[in-house]
Amino acid sequence: MSKIKTVYQCQACGYSSPKWLGKCPDCGAWNSFSEEKQSPKPLKSFSLSQPQPLSKIVGGKERRTHIGINELDRVLGGGLVNGAVILVGGDPGIGKSTLVLQAISKIASQTSDSNQKTVLYVSGEESPEQIKLRAERLSINSDNIMLLSETLVENIVMTADDMKPAAVVIDSIQTIYTEELTSAPGSVGQIRESAAKLMFFAKKSDMPVFLIGHVTKEGAIAGPRVLEHLVDTVLYFEGDKGHPYRILRTIKNRFGSTNEIGVFEMRDEGLVEINNPSELFMSERPLNVSGSTVIVTMEGTRPLLVEVQALVSPTTFGMPRRTSMGVDFNRVNLLIAVLEKKAGIHLGGMDVFTNIVGGLKIVETAADIGIISAIVSSFREVPIDSKTFLFGEVGLSGEVRAVAQGDSRLKEAAKIGFKKAIIPKSNAERLKDNFGLSIVGVKDVEEVIENIRG
Ligand code: TYD
Ligand code: MG
């Protein structure tokens, strides 16, 4: 009798080893190995295809459906591509099921040339009654939305193949399993094999498939990394539970640019698109208080105005505290060091707190001079003019460096009603237009500080 062969596989990256290991040599995760049955057979490939010359290939135009939710369409690169597999990740309770349900109800309300479009919503987590409750809350009621409680991927593929819906939703991929493996649903092998089956089905039948995926505490989409490589598009739905704003971010997109964002607000009646997020993030801004200023950050192709706040107060402990929310902690420490050394602003005995308003996270260095200004403003208790905004990167010698897309940043701020821009000198010299703003080009941190006072 032949022994069933098992391997130990890292649940974080899919690395396999014949023995249990405490630390994954591939991704470095600790205690991540679990026993799995070795994949019984490799995935069947398509029929042998012949290489063909690039010039002979026609088209290059994917067929896209506009879902009708602008923020989502943009994030997808201009609509939903037939046969695309889209992974929607996010923390539990952030609104993934709500988003996808709203999206497919839009699709279901469209009529194609021949017939009404039906969509298939497969849930392994919630019963049809629970989904019905959510749909009632969203005022969605349609004969074209078909609900299926099923977790076996072979059955899902068979049902979808019979039904030929306009889109399929799998909520969530972690609950789906294939009968070819004996491991529990949610394990690396199961997620990968089930997703691969759905992927082949999507490509073969030209049907778009949404996979909803859970996210671990560390922020990675739970399951093997291979899942991210397998799918065409990875969207990440994020936001702060305490805030109603939700941001849909593209992590990967084979059919469009990455780093696009869509902004939504979670209301009682569901997700509402925010077409002008800059206005929203500005709406609650306190005027003429110290420690607050506005920066323009780029999210993909889209400029976004956000408020940066800082609070500087004498420390009551021996060690001054530094806390930052929404911006990189180390970046803020670096900027504080630059302020000390290059501008003679001594923060050694001060606690410094920085915050980006609205639960946003900013990774761009263009926020640097904004953070510096907010800190100086709070330190000196001098408010920055409320019609002034800034952007620019700060180098270690205190120089202010140019950032990309200066023109679109200025244009957006002018649209919202700002009057004065403090920007890197080299950006100011290259401008095509001043958009009716008074523009101050600065070359170092000292010049920034001089100009925010006036
Ligand atoms: P849900 O889509 O179930 O989240 P996920 O699938 O990502 O786990 O959304 C759950 C949260 O959204 C829940 O806390 C309630 C809230 N919510 C609203 O505020 N308004 C609504 O219309 C709906 C449907 C949900
Ligand atoms: Mg859900």
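Seven bridges tie strand β16 (residues 302-314) to strand β18 (residues 350-356), and the two run antiparallel. Want one rung of that ladder to look at? Ala-310 has Thr-354 in β18 as its bridge partner. Keep in mind as you look around that this is a predicted model.

Now zoom out to the sheet these strands belong to. Seven strands make up an open sheet with mixed pairing, and the order is β17-β18-β16-β15-β19-β22-β23. At the edges you'll find β17 (322-325) and β23 (438-442); each has a single partner strand, so one side of each has no neighbour in the sheet. From one strand to the next, the twist averages 25 degrees.

Helices lie against this sheet too. Helix α9 (residues 368-380) packs on the sheet and touches β15 (292-299), β16, β18, β19 (388-390) and β22 (420-424). The direction of α9 makes about 35 degrees with that of β16. Then there's helix α10 (residues 406-416), which lies across β15, β16, β19, β22 and β23 and runs at about 80 degrees to β16.

On to another sheet. As a quick reminder, strands of a sheet pair through backbone hydrogen bonds, and they can do so in parallel or antiparallel fashion. Here an open sheet of nine strands, again with mixed pairing, follows the order β8-β7-β9-β10-β6-β11-β12-β13-β14. Which strands stand at the edges, each with a single partner strand? They are β8 (145-149) and β14 (270-273), so each of them has one side left without a neighbour in the sheet. Ignoring direction, neighbouring strands in this sheet are turned by 25 degrees against each other on average. Helix α5 (residues 188-205) packs on the sheet, where α5 touches β6 (85-90), β9 (167-171) and β10 (209-214). The direction of α5 makes about 160 degrees with that of β10.

The end of this sheet with β13 and β14 is worth a closer look. A hairpin of two residues joins β13 to β14, and the strands pair in the antiparallel sense over four bridges. Met-266 has Leu-271 in β14 as its bridge partner, while Glu-265 stands opposite Val-272 in β14.

Strand β13 also leads us to the ligand. β13 (261-267) is one of the elements that supply at least two residues each to the shell around ligand 1, together with α2 (96-109) and α3 (128-137). Which element gives the largest share of that shell? It's α2, with three residues. In total, 16 residues surround ligand 1, and the closest are Gly-93, Ser-97, Thr-98, Arg-134 and Arg-267. Sorted by class, the shell has four nonpolar, five polar and seven charged residues.

Here are some polar contacts that ligand 1 makes with the protein:

| Ligand 1 atom | Protein partner | Distance |
|---|---|---|
| oxygen | N or O atom in the side chain of Thr-98 | 2.5 Å |
| nitrogen | polar backbone atom of Arg-267 | 2.7 Å |
| oxygen | polar backbone atom of Asp-268 | 2.9 Å |

How much of ligand 1 does the protein bury? Taken alone, ligand 1 exposes 560 Å², and the protein buries 75% of that.

How values were computed:
Residues numbered from 1 in each chain as written. Chains lettered and ligands numbered in written order. Predicted model: local features only at pLDDT ≥ 70, side-chain atom pairs only at ≥ 80, totals over all residues. Heavy atoms only, no water. Near = heavy atom within 4 Å. Polar contact = N/O pair within 3.5 Å; in protein donor to acceptor, adjacent residues only side chain to side chain. Areas by Shrake-Rupley, 256 points an atom, 1.4 Å probe, with all protein chains shown as cover. Nonpolar A, V, L, I, M, F, W, Y, C, P; charged D, E, K, R; others polar. Pairing = 2+ DSSP bridges. Axes fitted to C-alpha atoms, helices over the stretch in contact; angles between N-to-C directions. Contact = heavy atoms within 4.5 Å.
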